[in-house]
2 protein chains.
Amino acid sequence: MTLLETQGLAAKHAERRLARASMSEKNRALTAIADSLIARQGEWLEANAQDLAAARDSGMRPAMLDRLALDETRIAGIAEGVRQVAALPDPVGQVVKAMVRPNGLRIEQRRVPLGVVGIIYEARPNVTVDAAALCLKAGNAVLLRGGKEAFRSNKAVIAILRDALEGVGLPRDCVALVEDTTRESAQAMMNLTEYLDVLIPRGGAGLIRSVAANARVPVIRTGEGVCHIYVHADADLDMAARILYNAKCSRPSVCNAAECVLIDRAVAEDFLPMAWAYLKNKSVTIHGDAETQGILGSGVIPATAEDWDTEYGDYQLAARVVSGFDEAVDFITAHSTGHSEAIITENYTAAQRFLDEVDAAAVYVNASTRFTDGFEFGLGAEIGISTQKLHARGPMGLEELTSTKYVVYGSGQIRE
Amino acid sequence: MTLLETQGLAAKHAERRLARASMSEKNRALTAIADSLIARQGEWLEANAQDLAAARDSGMRPAMLDRLALDETRIAGIAEGVRQVAALPDPVGQVVKAMVRPNGLRIEQRRVPLGVVGIIYEARPNVTVDAAALCLKAGNAVLLRGGKEAFRSNKAVIAILRDALEGVGLPRDCVALVEDTTRESAQAMMNLTEYLDVLIPRGGAGLIRSVAANARVPVIRTGEGVCHIYVHADADLDMAARILYNAKCSRPSVCNAAECVLIDRAVAEDFLPMAWAYLKNKSVTIHGDAETQGILGSGVIPATAEDWDTEYGDYQLAARVVSGFDEAVDFITAHSTGHSEAIITENYTAAQRFLDEVDAAAVYVNASTRFTDGFEFGLGAEIGISTQKLHARGPMGLEELTSTKYVVYGSGQIRE
């Protein structure tokens with residue numbers, strides 16, 4: 001048995017115990033974790049300082065160093081996040097539906113934990129705690145494989161989490177860190193079908209595509225977002241410009257940020273300069289088709305075929321003039337990653353058709369795509385945003401970390 | 001582009017139209033299909049006669065020939081099944097939840113079709129129509145790959161289905177048959193990630209395991225059932241014997257049939273002869289552990305290690321004496337396929353613990369496992385019984401053939 005298989009088996013055993021834990025037990029564990037994160041933050045910060053030093057030596061970019069770095073304020077925020085998860089309702093045991101059949105069988109469909117959840121992610125130590133807290137609350141054991149740059153930080157914090165679990169009488173193995181951070185260990189985790197019930201990759205598009213393409217364990221794809229804002233001929237153009245600016249610029253690195261604007265030809269000459277008046281505040285680079293170049297002038301970079309499928313994650317925006325609704329929807333259908341898509345219009349039929357016909361996790365009329373988020377949608381938490389259609393679609397909260405089982409109460413029934 | 005890719009692309013296009021079809025349109029299509037199956041049954045029967053002749057020549061077993069064979073009565077039953085699907089409520093468009101957020105955004109979670117569903121199955125021509133009808137009702141296009149022994153039958157009936165769709169103004173490509181029945185085409189279908197949203201294998205355990213192990217398209221595993229009946233010390237033994245007989249013998253070839261009985265030592269000497277009084281009516285072969293052999297005598301075949309993991313699908317039963325509840329649940333945890341598991345007991349705590357602790361799609365107290373079925377559970381239909389935890393677990397009806405999308409009505413909201 002490999003070390004990974006041993007960890008998988010231990011997680012499976014631990015999960016049997018955790019699945020039966022009461023809400024109070026799980027909340028005590030989460031509170032103990034939050035307390036320990038504060039009480040033992042010295043250990044975590046020291047390990048993080050070593051990771052940071054090594055990362056600086058290896059030439060890591062400042063933006064990445066910032067993601068890796070911890071300080072007292074960040075740890076306080078992470079601990080507070082764990083307390084918020086403790087305060088959420090427990091999805092496990094909820095009765096989704098219940099019925100009595102003609103033969104007297106009483107059947108309940110009840111929420112149960114998924115089992116053992118694998119998370120593959122990059123060098124963000126906060127993900128380690130966030131993901132573990134959500135999995136624990138939903139009764140799942142979790143096997144975490146973080147990026148090698150955060151290995152010391154992750155090892156330190158996982159020890160804190162496991163001690164806290166043990167302190168309240170739950171198995172340490174409810175949370176475990178994959179200690180081998182080679183490519184081979186990632187592939188082994190993707191094939192760990194005997195012990196993992198689901199694998200959730202969190203990180204860049206490259207990581208997610210690689211996991212989806214190579215895993216035999218069921219995967220939930222999250223967070224790829226080439227999101228469009230479609231400015232319809234009947235749009236309130238000022239509203240459209242404000243929404244586009246918000247969708248592009250309020251946080252360009254996230255998956256619900258807009259990457260492409262489509263503009264009906266009838267309003268392109270009016271709209272594009274209005275949009276630019278906002279976008280220039282952040283010096284947004286526009287990759288435009290010929291018509292956009294014609295309207296906005298020489299500052300526009302000519303768009304290439306790749307631009308229409310690029311998640312910039314930055315102050316860059318693709319722009320294209322379309323003949324009308326059908327071309328816009330066809331274009332979105334061809335280039336969308338199925339994350340979040342918005343139409344800006346005052347036209348009732350165009351709005352309803354867009355909501356019906358565009359196939360994405362979230363479709364919007366007259367609002368910024370930036371709202372696609374577990375907190376904004378009222379789920380109280382988020383483990384990721386699913387862009388697939390199976391199991392969960394859109395922001396995933398605690399319910400999406402559960403499965404169901406049918407519970408049948410009989411009194412001797414046999415089938416004819 | 002391969003023929004399969006061309007079919008996948010055509011299905012994707014057809015699905016865009018079908019996803020917008022009203023319930024009335026879809027029901028008209030299903031009614032037209034049912035009518036055409038009767039009106040054109042001569043074509044289907046003729047093709048089936050050719051399949052049957054070829055199967056007989058190649059030495060197919062009588063039980064398999066029976067599965068392959070069609071006649072007027074069977075076709076009438078299949079057409080009636082399609083009418084029943086037409087009569088079911090349409091899951092598409094149902095609002096799962098709806099909310100108004102503090103910023104005034106109105107958010108609905110709405111059921112939408114899954115997209116293009118692939119079905120890989122064996123030589124049962126009725127599956128072709130059943131699966132197509134359920135997929136169409138849920139707004140999904142479907143790509144069917146049946147066994148090569150039923151190829152002529154499937155080709156004939158798919159032509160009837162496609163003509164009926166066209167007759168009511170829906171695209172023919174909502175239903176398509178994979179014409180290449182080689183192993184390579186099955187593998188190509190498992191990798192058709194660009195066009196297939198989900199793949200559902202229907203058939204024997206070998207087929208399902210092979211698809212689950214080799215597919216890159218998301219798979220729903222169905223129908224593997226090593227189901228246990230656990231006779232607890234506090235069972236009503238006569239009820240237990242009747243339930244065991246029903247679970248084993250009412251239809252031994254199906255996945256919800258029992259394959260193994262566990263008996264508490266305290267009641268084994270009383271129970272086993274009572275059970276045998278029923279089971280001998282079907283000359284059930286018992287594969288027993290040493291204690292079962294000691295009680296029932298020389299007619300019992302000594303169980304081997306494989307017996308505890310075998311889905312006999314026949315009048316054969318594994319039997320084992322256990323020390324009590326914990327050993328029984330541990331044994332089920334080790335050997336269950338997660339389908340259906342039952343305890344027979346009058347003890348309240350044992351019953352509740354079994355329901356909580358046994359991890360399966362359906363868990364029973366004092367009833368036969370044979371009830372795990374979409375019709376028996378009130379779903380009105382069934383495309384299969386999922387034994388996995390993601391997306392759907394247990395009998396899958398029309399709702400389980402859908403996904404959801406978030407629909408967001410704004411009035412200019414931007415995110416702070």
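**Buried cysteines, an internal cavity and the contact between two chains**

Cys255(B) is buried, with a relative accessible area of 18%, and in this predicted model its sulfur lies 7.0 Å from the closest cysteine sulfur, which belongs to Cys227(B) and is too far away for a bond. A second cysteine, Cys135(B), is likewise described as buried, with a relative accessible area of 0%, and the closest cysteine sulfur to its own is that of Cys174(B), at 11 Å, again too far for a bond. Because a disulfide requires a pair of cysteine sulfur atoms within 2.5 Å, neither the distance of 7.0 Å found for Cys255(B) nor the distance of 11 Å found for Cys135(B) allows one. Over all chains, the structure holds 0 disulfides.

A search of the whole structure for enclosed space returned 1 cavity of 30 Å³ or more, and the space within the largest cavity amounts to about 30 Å³. Its lining consists of Leu244(A), Val261(A), Leu272(A), Ala275(A), Leu279(A), Ile286(A), Leu296(A), Leu317(A) and Ala319(A). Two elements of chain A, helix H11 (265-279) and strand S11 (316-322), are the ones that give two or more residues to this lining, and H11(A) gives the most, with 3 residues. When the lining of the largest cavity is sorted by class, 9 residues are nonpolar, while no polar and no charged residues are present.

In chain B, Thr292(B) is part of helix H12, which covers residues 290-296. This threonine is buried, with a relative accessible area of 0%, and, when neighbours within four places in sequence are left aside, the residues in contact with Thr292(B) are Leu272(B), Ile286(B), Gly297(B), Val300(B), Ala319(B), Arg320(B) and Val321(B).

The two chains were then considered together. In total, 69 residues of chain A are in contact with 69 residues of chain B, and the area buried between the two chains is about 5,900 Å², of which carbon and sulfur atoms give 50%. Of the area that chain A buries against chain B, 15% is supplied by Leu390(A), Tyr406(A) and Arg415(A), which is more than any other three residues supply.

Arg415(A) also appears among the contacts of a residue in the partner chain, Ser250(B), which touches Arg415(A), Tyr245(B) and Arg370(B) when residues up to four places away in sequence are not counted. Ser250(B) is located in the loop that runs between helix H10 (237-249) and strand S8 (258-264) of chain B, and this serine is partly exposed, with a relative accessible area of 32%. Although Ser250(B) and Lys282(B) are separated by 32 residues in sequence, the C-alpha to C-alpha distance between them in space is 9.9 Å.

A further loop residue, this time in chain A, is Thr387(A), which is found between strand S14 (384-386) and strand S15 (394-396). Thr387(A) is classed as buried, because its relative accessible area is 15% and residues under 20% are counted as buried. With neighbours within four places in sequence set aside, Thr387(A) is in contact with Arg221(A), Thr222(A), Gly223(A) and Glu224(A), and also with Thr337(A), Gly338(A) and His339(A).

Terms used: Residues are numbered from 1 along each chain as its sequence is written. Chains are lettered from A and ligands numbered from 1 in the order in which they are written. This is a predicted model: local features need pLDDT of at least 70, side-chain atom pairs count only at pLDDT 80 or more; totals for chains, interfaces and linings use all residues. Side-chain values use heavy atoms; hydrogens and water are left out. On a 1 Å grid over the protein atoms alone, a cavity is a set of points where a 1.4 Å probe fits but cannot get out, and a pocket is an open set with protein on both sides within 12 Å along at least five of seven lines; lining residues have an atom within 4 Å of a point. Grid points are joined across faces, edges and corners, and a volume is the space filled by probe spheres set on the points. Helices (H or I, at least four residues) and strands (E, at least two) are DSSP runs, numbered from the N terminus. Ala, Val, Leu, Ile, Met, Phe, Trp, Tyr, Cys and Pro count as nonpolar, Asp, Glu, Lys and Arg as charged, and the others, Gly among them, as polar. Buried means under 20% relative accessible area, exposed over 50%, partly exposed in between (1.4 Å probe, protein chains only). Contact means heavy atoms within 4.5 Å. Buried area is the accessible area (1.4 Å probe) that two parts lose on being put together, summed over both.
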